[in-house]
There are 2 protein chains.
Amino acid sequence: MRIALLAAALSTSLLMAAHAQEAQQPPKPKTAQEIINAAPSSAWRDLDPANTLYMELASGRVIIELAPNFAPKHVANILTMAKGGFWDGLNIYRSQDNFVVQFGDPDGEEAGKAKPYPAGTQTHLPAEFTRSDKGVKFDRLPDVDGWAPQVGFVDGFPVGRNPKTGKLWMAHCYGTLGAGRNNAPDSSIGAELYVVTGQSPRALDHQLTVVGRVVQGMELLSVIPRGPAPMGFYTDPSLRTPIVSIKLASDVPEAQRTPLQLLRTDSQAFIDATEARRNRKDDFYTEPPGHIDLCNVTFPVRARP
Amino acid sequence: MRIALLAAALSTSLLMAAHAQEAQQPPKPKTAQEIINAAPSSAWRDLDPANTLYMELASGRVIIELAPNFAPKHVANILTMAKGGFWDGLNIYRSQDNFVVQFGDPDGEEAGKAKPYPAGTQTHLPAEFTRSDKGVKFDRLPDVDGWAPQVGFVDGFPVGRNPKTGKLWMAHCYGTLGAGRNNAPDSSIGAELYVVTGQSPRALDHQLTVVGRVVQGMELLSVIPRGPAPMGFYTDPSLRTPIVSIKLASDVPEAQRTPLQLLRTDSQAFIDATEARRNRKDDFYTEPPGHIDLCNVTFPVRARP
């Protein structure tokens, strides 16, 4: 009896201690993934088919969101070229390790061999390296950055900003789509494009016209064998990766589209998930990093429910 | 006659103007590559075969420099395992896009199926996340960094440093080789290794034991198809990439070695080449970036002349 009572008293006090501990301990912090999974539907935005490119490779579909607010003339030209099937049958003719893949017409600069541009293509455009920040909703990251006075997000894209000059530009993060050019700043028209596949080459920021970002399918571009020639070019054309087609999503029959949603970069869920990565508190991390780099921020994507 | 004189006078004055212009214009700045090409032989150091691993894949050789001063116990264990042929016939069983490849024994945690460790392998090691900066030659980069109070180079490796705690650690840049672990900080022994193949995951800095860096052959690891399972694992073993062998270079017959030299990170050529990238002045760049990120610094390698 005494033993039973003692046991009962003990178990009660243990229970009380456990309750007290529960009350004292803060709840286990949510992981970034848990935050994203719990995001309300209002935190997600549909990818606009009229502003989305599907790049079809033998290995699958690469999905690109264009940035008409940053590079209106280049994006308009790219839409014209996509509608005209310009890239269909062309190829990825450069893959430089830890840098970029580049695609378009490898003979584009040889008058006799170049593939003709579709009707309506502009063959000269002004450089669109930066845009004004006037009236633009800029969601700033609090984290320090060595390449830009300020960094954050505009229209869901990672950007740099210089408040002194009032300029905004898209950052060269992994997945960024840019327009290749020659030495002249206004020598790009969007016919030759590159995608960043390596450590963010932010030294290119506001030196080229950035036109969008790969939102799904990077793993198809990043594994393309590196070209053996300098800068990752392939002298042997048979090593190039053929492009089946690049089409505007809205020109693809609805049943064949990939309806995606992106987490809004100004949603609380995005802010909280980024903070959960900046200060990871889980069983693995011994010390939270306390920082996140613009190009380490992830952009959650999901199939439209 | 007058015309000829006039022409002569004109051409003389044009010549004089050209000379004056030459004298006024500073010489064209050297590119990083030109600086590296002109580096004296004293700026180069031999890769030490006793401290170098050759990872042989069907696609070629990946060359790794180990960091015994940062992770002495892990590196000693890795040398024991390499000498015992531990990784020969094992595989790369994880490739996560924009993050890491990981290799070793996929059954390493299953008692019945795990490949036995070679004689002398330590099956428990302390975590070696950081080392003391006392007496260590630290070549600091002047550039701001969000992940560490200071960044720079030690023994030719990119590192972070906290002068307040007196700690140094190797940074998770592209090509960094680390020892996988479970939640317990002291659960790595070097049997399972990962190589960074994506945007520098610096959030991992001083959370894992870093043991070295790939100095040549990254393009063989970075193109490994991404695993379809979560975190880039392959549930289908046939998708894994076989490792022919991992050997210490000094255990390979001299004729089969790849004698390499690395540009010393404390040489004037390295400092000047880094500055030439930080403030690029060439026909392509409209505005020099004025900054370089620790993980954007390149480590020049050449065949030993």
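A residue counts as buried here if 20 or more other C-beta atoms lie within 10 Å of its own. I wrote that down before anything else, since my opening entry leans on it. A reminder to myself as well: this is a predicted model.

**Entry: chain A overall**

I began with burial and found that buried residues make up 43% of the 305 residues in chain A. Next I looked up the secondary structure, and chain A turned out to have 5 helices and 17 strands. The radius of gyration of chain A is 24 Å, well over the 19 Å that the globule rule gives for 305 residues, so the chain is more spread out than a compact globule. I then checked the box that holds the C-alpha atoms of chain A, and along the principal axes it is roughly 105 × 45 × 40 Å. My last look at the whole chain was at sequence separation: of the contacts in chain A between residues at least 6 apart in sequence, 72% join residues at least 24 apart.

**Entry: Gly160(A)**

I picked one glycine to follow up. Where does Gly160(A) sit? I found Gly160(A) in strand 9 of chain A, which covers residues 157-162. Is Gly160(A) buried or exposed? Gly160(A) is buried, because 22 other C-beta atoms lie within 10 Å and the cut-off is 20 or more.

I also listed the contacts of Gly160(A), leaving out residues up to four places away in sequence. Gly160(A) touches two tryptophans, Trp147(A) and Trp169(A), along with Ala148(A), Val151(A), Ala171(A) and Asp205(A). For Arg140(A), 20 residues from Gly160(A) along the chain, I noted a C-alpha separation of 9.4 Å.

**Entry: strands 1, 16 and 17**

A general reminder first: strands of a sheet pair through backbone hydrogen bonds, either parallel or antiparallel.

In chain A, I traced strand 1 (residues 44-46) to strand 16 (residues 260-263); they run antiparallel and are joined by 3 bridges. Within this pair, Trp44(A) stands opposite Leu263(A). Strand 16 of chain A is also joined to strand 17 (residues 301-303), again antiparallel and by 3 bridges. There I found Leu260(A) with Ala303(A) as its bridge partner.

I then turned to chain B. What is the strand order in its open sheet of 3 strands? The order is 1-16-17, with antiparallel pairing. Strand 1 (44-46) and strand 17 (301-303) of chain B are the edge strands, each pairing on one side only. From one strand to the next, the twist averages 35°. Strands 16 and 17 of chain B pair over 3 bridges, and I spotted Gln261(B) opposite Arg302(B) in strand 17.

**Entry: how the two chains meet**

How many residues of chain B are in contact with chain A? I got 35 residues of chain B, in contact with 33 residues of chain A. Sorted by class, the chain B side has 13 nonpolar, 12 polar and 10 charged residues.

Then I looked up how the copies are related. A turn of 180° with a shift of 0.0 Å along the axis lays chain B on chain A, with an RMSD of 0.0 Å. That is the relation of a two-fold axis. In chain B, the C-alpha nearest the axis belongs to Val223(B), 1.9 Å from it. The same surface serves both copies, as 94% of the contact residues of chain B recur in chain A.

Notes. Residues numbered from 1 in each chain as written. Chains lettered and ligands numbered in written order. Predicted model: local features only at pLDDT ≥ 70, side-chain atom pairs only at ≥ 80, totals over all residues. Contact = placed C-beta atoms within 7 Å. Nonpolar A, V, L, I, M, F, W, Y, C, P; charged D, E, K, R; others polar. Least-squares fit on C-alpha atoms with pLDDT ≥ 70 in both. Helix = DSSP H or I, 4+ residues; strand = E, 2+ residues; numbered from the N terminus. Buried ≥ 20, exposed ≤ 12 C-beta atoms within 10 Å, placed from the backbone. Pairing = 2+ DSSP bridges. Rg over C-alpha atoms; globule rule 2.2 N^0.38 Å. Axes fitted to C-alpha atoms, helices over the stretch in contact; angles between N-to-C directions.
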